[in-house]
Amino acid sequence: MIDRRTDTGPFDIVGDVHGCADELIELMGRLGYGVEVTGVGEARRASVEAPKGRRLIFVGDLVDRGPASPDALRIAMGMVERGQALCVPGNHDARFLRWLQGRNPKLTHGLDLTVAQMMLEPPEFHADVRAFIEALPVHLWLDGGGLAVAHAGVKSEMIGLASNDVRQFCLYGDTDGVDADGLPIRYHWAAGYRGTEAIVYGHTPVAEAGWVNNTLCIDTGCCFGGRLTALRWPEREIVSVPARDGYAARRRAFGHPPVRPVG
Ligand SMILES: [Mn+2]
C-alpha cells in the first residue's frame with residue numbers, strides 16, 4: 001500500500017543495506033532496536049525488539065555487494081511481517097527478484113555474491129523472499145502527506161501513483177542511457193525538486209547525508225566502506241555507523257550526479 005498518509009510514525013528510515021547485516025544490527029542498536037539472529041539453515045530466525053511506538057523503514061537495496069544478504073533480508077522480512085517495519089524495493093532487489101523468478105539476470109554488480117549466499121539457503125526461504133519482494137509498494141506516502149520514501153526518489157506529481165513510469169523513477173531515478181563503462185547516466189533530480197513533501201531516498205552513495213530542497217539521500221555507501229545511515233522522523237536526526245570493511249570496489253566517486261542539461 002503506497003498511500004499511508006494516516007500513518008504518522010515516528011519512523012527510523014534506513015539507507016541501502018546491501019547485505020551489510022552486521023552494520024544494520026549495530027545501527028538498529030544505536031536507534032534502540034534489539035536484534036538477535038540465531039539458528040542455522042531452516043531454523044535461522046531474526047527477532048527484533050523495537051522501541052515503543054517506533055517503526056523502521058527500509059529504502060531498499062537490501063541485497064548485493066555485501067557479505068550477508070540473506071540475514072539482511074531475514075531482519076527486514078521478519079520486521080515487515082510483524083508490523084515493525086515498512087520497506088520499498090530498490091533496483092538491486094528488483095533484479096534479484098528476477099533471479100528468484102528464474103529469469104536469469106546477469107550476475108553483475110554484486111548479484112553474484114547474493115546468489116552464492118542464497119544457494120546455502122533452503123527452498124522455503126527462496127519462496128518467502130520472492131513473495132516478500134513481489135508484495136513491496138514502489139514508494140510510501142506517509143505522515144499526513146508530508147513525507148514520501150522511495151528508493152531512488154520520486155517526483156512530486158508521482159507521489160501516490162503506481163504506473164510503470166512511476167515505478168521506473170522510484171527504482172532508478174532520473175536516468176538517460178548508459179555511459180562508456182556501461183553504467184546508467186544519472187541526473188540529480190533533487191536539484192530541481194520544488195515539492196512540499198519531504199522525500200527520503202537512497203540509491204546514490206553520498207559522503208554525507210544532507211538536505212537538498214526538502215529531499216534527503218541517506219545512502220552513504222556502507223558496502224563500499226562508507227557508513228550505514230538512518231534518519232529519525234519527525235526528529236530529522238541523522239544517525240550512522242561506519243562500515244566494518246570495504247566489501248565492494250567503488251566504480252564512481254561518492255556524490256550526487258550532475259543536473260540534467262536543459263533542452
Ligand atoms: Mn543501492
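Buried residues are those with under 20% relative accessible area, exposed ones have over 50%, and partly exposed ones fall in between (1.4 Å probe, protein chains only). The views below come from a predicted model, in which local features need pLDDT of at least 70, side-chain atom pairs count only at pLDDT 80 or more, and totals for chains, interfaces and linings use all residues. Residues are numbered from 1 along each chain as its sequence is written, and side-chain values use heavy atoms, with hydrogens and water left out.

**View 1. T114 in helix α4 and its contacts**. T114 lies in helix α4 (helices, H or I, of at least four residues and strands, E, of at least two are DSSP runs, numbered from the N terminus). The relative accessible area of T114 is 1%, so this residue is buried. When residues up to four places away in sequence are not counted, T114 touches V63, D64, S69 and F96 (contact means heavy atoms within 4.5 Å).

**View 2. The manganese ion and its protein donors**. The ion has D16 (OD), H18 (NE2) and D61 (OD) as protein donors, which lie 2.1 to 2.4 Å from it. Donors are N, O and S atoms within 2.8 Å of the metal (3.2 Å for Na, K and Ca), and since water is not among the atoms, sites may look incomplete. Along the chain, the donors of the manganese ion follow the spacing D-x1-H-x42-D. Both D16 and H18 are buried.

**View 3. Helix α3 and its surroundings**. Helix α3, made of residues 91-100, is mostly covered, with 9 of its 10 residues buried; among them are H92, R95 and W99. The buried residues of α3 pack against α2 (69-81), α4 (111-118), α5 (123-134) and α6 (164-172). After α3 comes G102, whose phi is positive, near 80°.

**View 4. The packing of α3 with α5**. The two helices pack at an angle of about 135°, with their axes 10 Å apart; axes are lines fitted to C-alpha atoms, for helices over the stretch in contact, and angles run from 0 to 180 degrees between N-to-C directions. That makes α3 oblique to α5, given that angles under 35 degrees count as roughly parallel, over 145 as roughly antiparallel, 65 to 115 as roughly perpendicular and the rest as oblique. On the α3 side D93, F96, L97, W99 and L100 take part, and they meet H126, V129, R130, I133 and E134 in α5. The residues of this contact of α3 with α5 divide into 6 nonpolar, 1 polar and 3 charged, where Ala, Val, Leu, Ile, Met, Phe, Trp, Tyr, Cys and Pro count as nonpolar, Asp, Glu, Lys and Arg as charged, and the others, Gly among them, as polar.

**View 5. Backbone geometry at H18 and H203**. Most residues other than glycine have a negative phi, and most peptide bonds are trans. H18, in the loop between β2 and α1 (21-30), has a positive phi of about 45° although it is not a glycine, and its relative accessible area is 3%. H203 lies in the loop between β11 (198-201) and β12 (211-212), with a positive phi near 80°, and counts as buried at 7% relative accessibility.

**View 6. Two cis peptide bonds**. The bond from G9 to P10 is cis, with omega near 0°, and P10 lies in the loop between β1 (3-4) and β2 (11-14). W233 and P234 are also joined by a cis peptide bond, for which omega is about 15°, and P234 lies in the loop between β14 (227-233) and β15 (237-242).
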